[in-house]
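Q: I'm new to this one and would like to learn how to read salt bridges. Could you walk me through them?

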Amino acid sequence: MYFSGVFIGIVAFLCIGVFHPIVIKAEYYFTYKIWPVFAVLGSAFILGALFFENIVLSACCAVVGISFLWSIKELFEQEKRVEKGWFPKNPKRK
């Protein structure tokens with residue numbers, strides 16, 4: 001039996017679970033303007049995936065990279081959710 005696909009699926013599932021609170025906290029403390037950090041990290045992980053010979057490690061690295069890039073969209077949407085009152089706004093920001 002080969003468990004590589006199942007392992008990659010678990011990594012993808014965990015990335016979704018981990019990046020959800022990261023997006024919320026990043027928007028709370030830094031606003032959506034932190035998106036370039038997510039872009040650089042996402043690009044770095046995707047680029048890094050090209051250099052791993054191990055397919056599982058390469059795929060997991062790519063999943064993390066894509067999760068960073070998808071989080072950019074979520075940062076902008078999180079700002080809208082804060083404006084609607086669905087999430088708390090940082091009182092220290094204007």
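A: Happy to. Let's begin with one pair: Glu-77 forms a salt bridge with Arg-81, and their closest N and O atoms are 3.8 Å apart. Keep in mind that this is a predicted model.

Q: What lets side chains pair like this?

A: The general idea is that side chains of opposite charge can pair when their charged atoms come close. Here, the 3.8 Å between Glu-77 and Arg-81 counts because the cut-off for a salt bridge is within 4 Å.

Q: Where do Glu-77 and Arg-81 lie?

A: Both are in helix 3, which covers residues 55–83. They sit 4 residues apart, about one turn of the helix.

Q: Is Arg-81 buried or exposed?

A: Arg-81 has 17% relative accessibility, so it counts as buried, the limit being under 20%. Glu-77, at 28%, counts as partly exposed.

Q: Which other salt bridge does Arg-81 make with a Glu side chain?

A: The side chain of Arg-81 also meets that of Glu-74, with an N to O distance of 3.2 Å. Glu-74 is buried, as is Arg-81.

Q: And what about Lys-73 and Glu-74?

A: Their side chains form a salt bridge too, at 3.6 Å from N to O. Lys-73 is partly exposed, with a relative accessible area of 36%.

Q: How do these pairs fit together?

A: Lys-73, Glu-74, Glu-77 and Arg-81 are linked in a network of salt bridges.

Q: How many salt bridges does the structure hold?

A: It holds 4 salt bridges, including the one between Glu-77 and Arg-81 where we started.

Key. Residues are numbered from 1 along each chain as its sequence is written. This is a predicted model: local features need pLDDT of at least 70, side-chain atom pairs count only at pLDDT 80 or more; totals for chains, interfaces and linings use all residues. Side-chain values use heavy atoms; hydrogens and water are left out. Buried means under 20% relative accessible area, exposed over 50%, partly exposed in between (1.4 Å probe, protein chains only). Helices (H or I, at least four residues) and strands (E, at least two) are DSSP runs, numbered from the N terminus.
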